[in-house]
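Colleague: I should be grateful for a close look at one part of this model, namely the place where two helices pack against each other. Please set that part in the context of the chain as a whole.

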Amino acid sequence: MFECCFFSVQQVTSYFTKRGSCVYLSSLDASKAFDRVIHSKLFDKLANRNVPHCLLRVLHNWYNKLVSVVKWNSVLSKFFCCVLWC
């Protein structure tokens, strides 16, 4: 799966740079951090450290719409929402 993602990033970057555009990329791997964090406290701390409000809104929107599914013996459960704000 990661190879496909890297290929897509490479292709998009190549497309725009060949046409004279600048390409800016940001990546966040929060796969192990966000399952053990009290999200409201994390966002409070980010806000207190003057993280731009627009970035906080993007992160809030992103994590507020997460869904999960459980796979057990090749059987998938129904999708369910991940509650982030407790």
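Modeller: The helix contact is treated below, followed by the loop and the aromatic rings.

The structure is a predicted model, in which local features require pLDDT of at least 70 and side-chain atom pairs count only at pLDDT 80 or more, while totals for chains, interfaces and linings use all residues. Residues are numbered from 1 along each chain as its sequence is written, and side-chain values use heavy atoms, with hydrogens and water left out.

The chain has three helices and four strands, where helices (H or I, at least four residues) and strands (E, at least two) are DSSP runs numbered from the N terminus. Their order from the N terminus is α-α-α-β-β-β-β.

Two packed helices are described by the angle between their axes and the distance between the axes. Here helix 2 (residues 39-48) and helix 3 (residues 53-64) have axes that come within 10 Å and cross at roughly 165°. Helix 2 is therefore roughly antiparallel to helix 3. Axes are lines fitted to C-alpha atoms, for helices over the stretch in contact, with angles from 0 to 180 degrees between N-to-C directions; under 35 degrees counts as roughly parallel, over 145 as roughly antiparallel, 65 to 115 as roughly perpendicular and the rest as oblique. The crossing of helix 2 past helix 3 is right-handed, that is, the near helix is turned clockwise from the far one by less than a right angle.

Helix 2 contributes F43, L46 and A47 to the contact, and helix 3 contributes L56, L59 and H60, contact meaning heavy atoms within 4.5 Å. By class, the residues of this contact comprise five nonpolar, one polar and no charged. In this scheme Ala, Val, Leu, Ile, Met, Phe, Trp, Tyr, Cys and Pro count as nonpolar, Asp, Glu, Lys and Arg as charged, and the others, Gly among them, as polar.

Across the chain, residues 24 or more positions apart account for 24% of the contacts with a separation of 6 or more. Buried residues form 9% of the 86 residues (buried is under 20% relative accessible area, exposed over 50%, partly exposed in between, with a 1.4 Å probe and protein chains only).

The loop between strand 2 (71-72) and strand 3 (75-76) holds N73, and S74 lies in that loop as well. Most residues other than glycine have a negative phi. Phi of N73, however, is near 50°, and that of S74 is near 70°. N73 is exposed at 67% relative accessible area, and S74 is exposed at 65%.
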